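Visitor: I would like a close look at a single part of this structure, the surroundings of the ligand. Please take me through it slowly.

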Amino acid sequence: MDHFLYRDGILHAENVPLTRIAAQVGTPVYVYSAATLTRHFNLFRQALDWTDHLVCFAVKANSNLAVLKLMGDLGAGMDVVSGGEYLRAKAAGVPGDRIVFSGVGKTVQEMRLAIEGGIRQFNIESEPEMRALSTVASAMGAEVPVAIRVNPDVDAKTHEKIATGKSDNKFGIPISKARQVYAEAAALPGLKVVGVDVHIGSQLTDLDPYRAAYAKVADLTRALRADGHDITRLDLGGGLGIPYRRDNNAPPLPIEYGQVVRDTVGDLGCEIEIEPGRNIVGNAGILLSQVIYLKQGEGRDFLIVDAAMNDLLRPAMYGAHHDIVSVCEPDLGAAMHKVDVVGPICESGDTFQKAVELPPLRADDLIAFRSAGAYGAVMSSEYNSRPLVPEVLVSGDQFAVIRARPSFEEMLARDTIPEWL
Ligand code: LLP
C-alpha cells in the first residue's frame, strides 16, 4: 500500500496534490511519501520482531540525505557500498555502529574512512579484500567486525542483471570454500569474525530461493561454529520484490519473508540483519512529468514527456515496467487513447512504455510514473545535458525540496576548459 491516491480528481502524495508540486518545483521531479517509507520500514521490523535484528536500509536504492535521515530516525541501520554512501549515512545522523559495508571492490581508502568513522561490520567478498582489510585495520590498531559474503549458488529467478547468488556472478566466495576462508580470516590480525553474509539478488518475487539460500547459510553456520568460530550475526541481504503492476500477482509480503527467515535460521540464536532497499522505498516514490507534445506517428501516437531515460533509467536498462498514470483522474468509462510514452532523448531506447492506455492528454498535462522511488533518482544522469532531476519529500500536508534542480549555470560550471586550449 502506498500514499499516492486520487482525491478530488487529482493524484495526491499524501495530502498534497501533485499539481501543486509541479507548479512550485517544475517537472520532471521525483516525489516521495514519508508515510509510505515509514510504513514499509515498520513492516520489516514487525516481520523480525521475534528476534534481535537490525533492518539496514540499502542506501543504493535511494541515497537522498532526507530519506536516510527519516530511516535513521526510525532506527534503521544502513547498508552502504561505497565511501560516498558511507558518508551520506553518517551525514544523515546514522551512527557507525549501525552501518554495514558491502560491495566487491572496497578500496583501502574506503576501508580507512569507515574504520575511522566507526563501522558495525564489513561484509567481505573475496580473499584479497580480506587480506587488504586485515592490513589496513592492523595498521590503524583496530580490530574490525567482519562477515564473509557467501555465494550459495541459488537461482534467484529474477532479471539476470540483478541476480547475484549464482556461482557465475561476481559476488561473494563460493559457499563450498567458506570454511577454509573463515579459517584464514580467524588467523588474520585486525579482523574479528562475527557473522555470515548472503544476498542473492533483487526484485525477488518468490520465497523459495531465499529458503534454499538461508538453509545453506544455516548449515554453514553450524559447521563454522563446530570449527570454533563465534558466529553471532547473520546478514541475509535484501531483494524482496515489489508490485510494479497493479494486478493480482503481488510478491510475498515482508511478514511472509520474516517467516522464511525464522524457519531457516531462527533456531541459531543469531542477531539478524537484513538489507532491503526497493521494498521500502520503491512504491514510496513517483516520477512526476509533464507532456510536451502529442505526436501522431504512422499507426501509433507518441506522448513526448519531459522526463527521459536519464531521469529514470530502469525501462531502458532492464526493460522494466513502471505504471504510467494521468495526474488528472480519468472519468469513469472515459475513452482511452493508446500512446507510446517517450522522452526527449535522442535514442529509441528512451521509451518508457509502448501502447499505454491513457485518457486523451495534451501538452502541459501531468503524468506520474509509479514505483519509481527505488533505483530512480540514484541512477539518473545528465545525459543530453539535462540537469539532474530534483527530489521532493511529502509528509502529510507539507512538502520540501530535498534536492534542488541544478541551474544550467551550475551544470556548466563543473567543467573547466584548460588554459592551453
Ligand atoms: N544488499 C546488497 C548487497 C545488494 O547488492 C542490494 C542490491 C541490496 C542489498 C538491496 O536490494 P533490494 O532490496 O533493493 O532489492 N538497479 C537495479 C537494482 C540493483 C540492485 C543491486 N543490489 C534495479 O533498478 O532494479
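Which residues does UniProt place under the feature "binding site"?

Guide: This is a predicted model, and what follows should be read with that in mind. The UniProt record, an unreviewed entry, places the feature "binding site" at Arg 278, Arg 314, Tyr 318, Glu 347 and Tyr 375. These positions are spread over 98 residues of sequence, and they are spread in space as well, with up to 27.4 Å between C-alpha atoms.

Turning to the ligand itself, 21 residues surround it in the model, and Ala 58, Ser 202, Gly 238, Gly 277 and Tyr 375 are the closest of them. Tyr 375 is thus named among the closest residues and is also one of the positions given by the UniProt record. By class, the shell around the ligand is made up of seven nonpolar, nine polar and five charged residues. Among the elements that contribute to this shell are the helices α10 (278-281) and α11, each of which supplies at least two residues.

The shell also has a place in the wider layout of the chain, which is divided into domain 1 (4-31 + 282-413) and domain 2 (103-274). Because both domain 1 and domain 2 give residues to the shell, the ligand lies between them. The C-alpha centres of the two domains are 36 Å apart, and the contact between the domains takes seven residues from domain 1 and six residues from domain 2. On the side of domain 1 that touches domain 2, the residues divide by class into one nonpolar, five polar and one charged.

Two of the positions from the UniProt record deserve a separate description. Tyr 318 lies in helix α11, which covers residues 314-318, and, leaving aside residues up to four places away in sequence, Tyr 318 touches His 159 and Lys 161. Tyr 318 has 14 C-beta neighbours inside 10 Å and therefore counts as partly exposed, since a residue is called buried only at 20 or more such neighbours and exposed at 12 or fewer. Glu 347, by contrast with a helical position, is found in the loop between β17 (337-342) and β18 (351-358). Glu 347 counts as partly exposed too, because 13 C-beta neighbours lie inside 10 Å.

Methods
Residues are numbered from 1 along each chain as its sequence is written. This is a predicted model: local features need pLDDT of at least 70, side-chain atom pairs count only at pLDDT 80 or more; totals for chains, interfaces and linings use all residues. UniProt positions are given in the numbering used here, feature names are shortened, and annotations may be inferred rather than shown by experiment. Helices (H or I, at least four residues) and strands (E, at least two) are DSSP runs, numbered from the N terminus. Two residues are in contact if their C-beta atoms, placed from the backbone, lie within 7 Å. A residue is near a molecule or strand if its C-beta atom, placed from the backbone, lies within 6 Å of it. Ala, Val, Leu, Ile, Met, Phe, Trp, Tyr, Cys and Pro count as nonpolar, Asp, Glu, Lys and Arg as charged, and the others, Gly among them, as polar. Domain bounds come from an automatic or database domain assignment.
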